[in-house]
Amino acid sequence: MQRIGVFICWCGSNIAATVDVEKVAEVIKSEPGVVYSANYQYMCSENGQQLVKQAIKEHNLTGVVIGACSPRMHEATFRKAASEAGLNPYMVEIANIREHCSWIHKDKDEATEKAVVLVRTAIAKVKLNAPLTAGESPVVKRALVIGGGIAGIQAALDIAEAGFEVDIVEKNATIGGRMAQIDKTFPTLDCSACILTPKMVDCAQHEKIDILSYSEIEEVKGFVGNFNVKIRRKARYVDETKCTGCKICMEKCPSKKGLNEFNMNLNTRPAIYIPFAQAIPNVAVIDPTQCIKMKTGKCGICQKFCGAGAIDYEQKDTFIERQYGAIVVATGFKPIELDNFNEYGYSDNKDVITSLELERLMNAAGPTNGVLLRPSDGEHPKVITFIQCVGSRDTSGCGKPYCSKICCMYTAKHAMLIREKYPDTEVHVFYIDVRTPGKNYDEFFRRAVEQYGVDYIKGMVGKVYNENGKLMVQGSNLIDNEQITIESDLVVLAAAIEPEPSVRKIATLLTTSIDTNNFLTESHAKLRPVESPTAGVYLAGVCQGPKDIPETVSQASACAAKVIGLLVKDKLKTNPCVAQPDEMMCNGCSQCANVCAYGAITYVDKEFRVGRGTEIRRVASVNPAVCQGCGACTVTCPSGAMDLKGFSSKQIMSEVEAICKM
């Protein structure tokens, strides 16, 4: 006999302001199988949970329905409360009457009626629920960090310091990421390399960290605690175990016309190169599209002069497979392409540059050895104009609708550094708003204006054009309500940032969620900000959203804490809501196995009785330790043989029928 208890939460005024919670509880009392119905202001509170526990014991409840917020918030809370009271936790159902009801309705009668319907559907489902028991799976004591920028480096160091082995997979020839390209960091104006390089060295020297540079993730299988990852190690054409980083090969290489990606293509590099002086690993790599030997079969000078015998033109990509308990995604960002912003003349004028290009021009290790010169003629610019929000906060479709968050601050940094080093240089900044949401950030910006005399102009730039060798910046000054034109020697565009393009492939491999702007989506913006919806996968840095270096480092350490908390466990409880095939109905078509993202479904030959004889049939078999209960196989199965524990077809149809009866 069914004995169901229903508990309606007020959620303060979140639900109670729109839904008549007392009426809902009263109406539900008359539902068949319901023996107890109550409402309480905060069901998730200790007192609310105690109310549930007492009702389970006093009324001998066989099922519980909670009318409250999303199950993503407190399903685990109420399941734990039920378990402590002696009820199987999977006999608890959540009716989402907040996000699905109160928050989207204004009319109280309408919202109350809908809340009743949602609770009735949950009652219909819980009647068909069966007690489930979670299994266990072992945890691999090793972590994978995808991306070797400051986020990946910090996460790897923190995990390794806790005693766990970590692999950093970086697609470039060295770790360091974008921070390695930056000259100074705000708001302290510290040398970026002075902060980053020691951490890079720590990674290289740490006994628990293995750096897999010039590598990419090819395949990910498995689940939290037991990920199986296939990694492609791209051919460097240089043996990492032999190369000493002496750079003789770079000096002798006759092909020196390749664009230097590290310096934002502002100068050239040889076909065999080390990206920058502090690169980790300090190992050369050959660009096969530029190498004369690899294109024509002639030359081979670098091999002749390599005393260590490290050059190997026949080297091929190799693959390694490893197991990991947890994965941290820290794939970083790139500036957006400016092809759609012809009004700024970026593609037509060498002296219109991006902020990251300016970083390299101002860096002592950059193409001009830290001397600020115009790219067109090598002269020192006397008037520099910065244009903010190029591609950020852009709803026209050309750029990005979001604020890139770091541009206001790094423009203030650039302006101060220029005025300090070249006091004779005029600096103008066109801006929409100045956003400084960090500790000491507003003081930093005001210092640029008050101490260094940077001219901030509130307004938009309509056009940048070349006139008699000068860049004419035409825009509006909203404070003075006038159109102005500034004759400039150099124009710097604060370009929007976007996730590294490879993040889409990573998201697919990890079955993680991604938003319309290609940022990876966190499990919950407030309560689980560094966790992805895929268990065991964590997000650090700009792959999750625009952020500066301090915020990135904080998020990386938060990821590390989550990973450590996972890896210290020897076993994890598995989700009992897994797929379950009906072998008598299965026809062995393999469609369910083809759609399974986790590789949980295999096929076995089984003997079945047919009349007085037997026959061998191929049927589906589900590994419950691997299955994540996504349900893809259940909707794909043409014969209806596949079902999902806790979400069976009968249970779903019972909910539909409960709605249709209203």
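This passage describes two helices, a set of aromatic pairs and two charge-over-ring contacts in a predicted model.

Helix α12 comprises residues 407-421. At 1.5 Å a residue, its 15 residues should span 21 Å, and the C-alpha atoms at the two ends are indeed 21 Å apart, so the expected and computed values agree. Twelve of the 15 residues of α12 are buried, and the helix is therefore largely enclosed by the rest of the structure. The buried residues run from Cys 407, Cys 408, Met 409 and Tyr 410 through Thr 411, Ala 412, Lys 413 and His 414 to Ala 415, Met 416, Leu 417 and Ile 418.

A polar contact was examined in helix α7, which covers residues 192-205 and contains Thr 197. Thr 197 has a relative accessible area of 19%; it counts as buried because this value is under the 20% cut-off. A polar atom of the Thr 197 side chain is located 2.7 Å from the backbone oxygen of Ala 193. In general, residues three or four places apart in an α-helix point the same way, because the helix has 3.6 residues a turn.

Seven aromatic pairs are present in the structure. In one of them, the ring centres of Phe 7 and Tyr 36 are separated by 5.5 Å; the planes of the two rings meet at 45 degrees, so this pair is classed as tilted. Phe 7 belongs to strand β1 (residues 4-9) and Tyr 36 to strand β2 (residues 34-40), and the pair thus links distant parts of the chain, 29 residues apart. Phe 7 is buried, its relative accessible area being 0%.

Tyr 402 and Phe 519 form an edge-to-face aromatic pair, with 5.1 Å from centre to centre and 70 degrees between the planes. Tyr 402 is found in the loop between β21 (383-390) and α12, whereas Phe 519 is found in the loop between α14 (503-510) and β29 (537-539); the pair therefore ties together parts that are 117 residues apart in sequence. Both Tyr 402 and Phe 519 are buried. In addition, one aromatic cluster is formed by Tyr 431, Phe 445 and Tyr 456.

Aromatic rings also take part in contacts with charged side chains. Lys 125 is positioned over the face of Phe 647, 4.4 Å from the centre of the ring. The ring of Tyr 273 has the charged end of Arg 269 over it, at 4.0 Å from the ring centre.

Technical notes
Residues numbered from 1 in each chain as written. Predicted model: local features only at pLDDT ≥ 70, side-chain atom pairs only at ≥ 80, totals over all residues. Heavy atoms only, no water. Helix = DSSP H or I, 4+ residues; strand = E, 2+ residues; numbered from the N terminus. Expected span 1.5 Å × (residues − 1). Buried < 20%, exposed > 50% of the residue type's maximum accessible area, 1.4 Å probe, protein only. Polar contact = N/O pair within 3.5 Å; in protein donor to acceptor, adjacent residues only side chain to side chain. Phe/Tyr/Trp six-rings, centres within 6.5 Å; stacked < 30°, edge-to-face > 60°. Lys NZ or Arg CZ within 6 Å of the ring centre and 35° of its normal.
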